Amino acid sequence: MTPTLLDVADLDAGYGDFQALYGLSLQVGAGETIAIIGANGAGKTTLLRAVMGQVRVRGGTISYDGEDLSGVPTHDRVRRGMGLVPEGRRLFPSLSVEENLMIGGYGRRPGRWTIPEVLAVFPMLQPLLKRASSTLSGGEQQAVAIGRTLMANPDLVLLDEVSLGLAPVVVHRLYEALPQIVDGGTTVVVVEQDITLALDVADRVYCLLEGRVSLSGPPVDLTRDAITTAYFGV
């Protein structure tokens with residue numbers, strides 16, 4: 001049986017007076033690719049931010065590699081092997097592609113990922129290394145954002161809305177890189193609104209609805225009707 005790397009149990013979380021997650025539980029096994037789907041406002045991004053320590057947890061627990069993360073700040077979670085590719089990419093716009101990657105490797109853990117390894121997965125970045133990241137296309141920026149996170153050599157990568165605002169051909173190219181990332185021993189959790197993409201890449205899927213898990217399981221066990229009901233609540 002695959003050992004559990006990330007264990008979220010009965011999680012309540014939110015922003016200020018607004019509660020976004022209600023008693024949410026999920027488990028991620030080492031080496032798995034997990035997709036989290038759901039409509040806008042379902043709580044997907046809040047979940048990833050809570051896992052990374054960026055959102056206040058009001059109840060429940062988040063454990064990583066068997067250790068409770070209560071009170072552990074974000075930078076220490078990164079040192080323990082967790083990494084987030086945020087929605088909107090959040091690159092340093094005035095810095096070059098190479099400099100953005102180097103920042104991701106600051107205080108890096110031992111491991112496979114170096115700039116040459118990132119370029120092997122995203123060869124389109126090779127001629128762009130000296131370019132300011134603000135001048136890149138959306139797909140190129142997303143590749144840099146993923147590469148920047150990999151540079152820290154995480155065991156767990158959280159990908160938030162990889163396909164958002166990108167052309168289908170660009171999204172396909174980015175998703176083609178996922179097997180190369182997973183084959184290196186990295187566990188991946190991807191938040192995705194595109195149901196077809198999510199089902200294609202995932203070992204297991206969690207669907208969120210209004211801050212709760214409405215459906216979960218391997219894609220082969222989930223019918224389209226069940227997914228539609230869980231996604232929209234109808």
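The following paragraphs describe the interior of this predicted model, then its pockets, and finally one of its helices.

The interior may be considered first. The largest nonpolar core contains 47 residues. Within this core, I37, L101, F122, I146, L159 and L174 are the residues with the most contacts. Helix α5, which spans residues 138–150, contributes the most to the core, supplying five residues. A second core, separate from the largest one, is made up of 30 residues, including A42, M52, L69 and L158.

L101 offers a detailed view of such packing. When its neighbours within four places in sequence are left aside, L101 is in contact with I115, V118, L129, V144, G147, R148 and M151.

Attention may now turn to the empty spaces. Rolling a probe the size of a water molecule over the atoms shows where empty space is left. The largest pocket has a volume of about 720 Å³. Its lining consists of 25 residues, and T74, V78, L84, R148 and T149 are those nearest the centre of this pocket. R148 thus appears twice in this account: as a contact of L101 and as a residue lining the largest pocket.

Several elements contribute to this lining. At least two residues each come from α1 (44–51), α2 (74–79), β6 (82–85), α3 (97–104) and α5. Helix α2 gives the most to the lining of the largest pocket, with four residues. In terms of class, the lining of the largest pocket comprises nine nonpolar, eight polar and eight charged residues.

The second largest pocket has a volume of about 190 Å³. It is lined by 16 residues, of which N40, G41, A42, G43 and K44 lie closest to its centre. One of these, A42, also belongs to the second nonpolar core. Strand β2 (18–29) and helix α1 each provide at least two residues of the lining of the second largest pocket. The classes in the lining of the second largest pocket are four nonpolar, eight polar and four charged residues.

The last element to be examined is helix α6, residues 168–176. Which residues of helix α6 are buried? They are V170, V171, L174 and Y175. These residues lie on the same side of α6, because they cover an arc of only 135° around the axis. An α-helix has 3.6 residues a turn, so residues three or four places apart point the same way. The buried residues of α6 pack against α5, α7 (178–183), β8 (187–191) and α8 (195–201). Among these buried residues, L174 is also one of those with the most contacts inside the largest nonpolar core.

How values were computed
Residues numbered from 1 in each chain as written. Predicted model: local features only at pLDDT ≥ 70, side-chain atom pairs only at ≥ 80, totals over all residues. Heavy atoms only, no water. Core = buried A, V, L, I, M, F, W, Y, C linked by side-chain atoms within 4.5 Å. Buried < 20%, exposed > 50% of the residue type's maximum accessible area, 1.4 Å probe, protein only. Contact = heavy atoms within 4.5 Å. 1 Å grid on protein atoms, 1.4 Å probe; cavity = no way out; pocket = protein on both sides within 12 Å on 5 of 7 lines; lining within 4 Å. Points joined across faces, edges and corners; volume = space filled by probe spheres on them. Nonpolar A, V, L, I, M, F, W, Y, C, P; charged D, E, K, R; others polar. Arc of directions from axis to C-beta.
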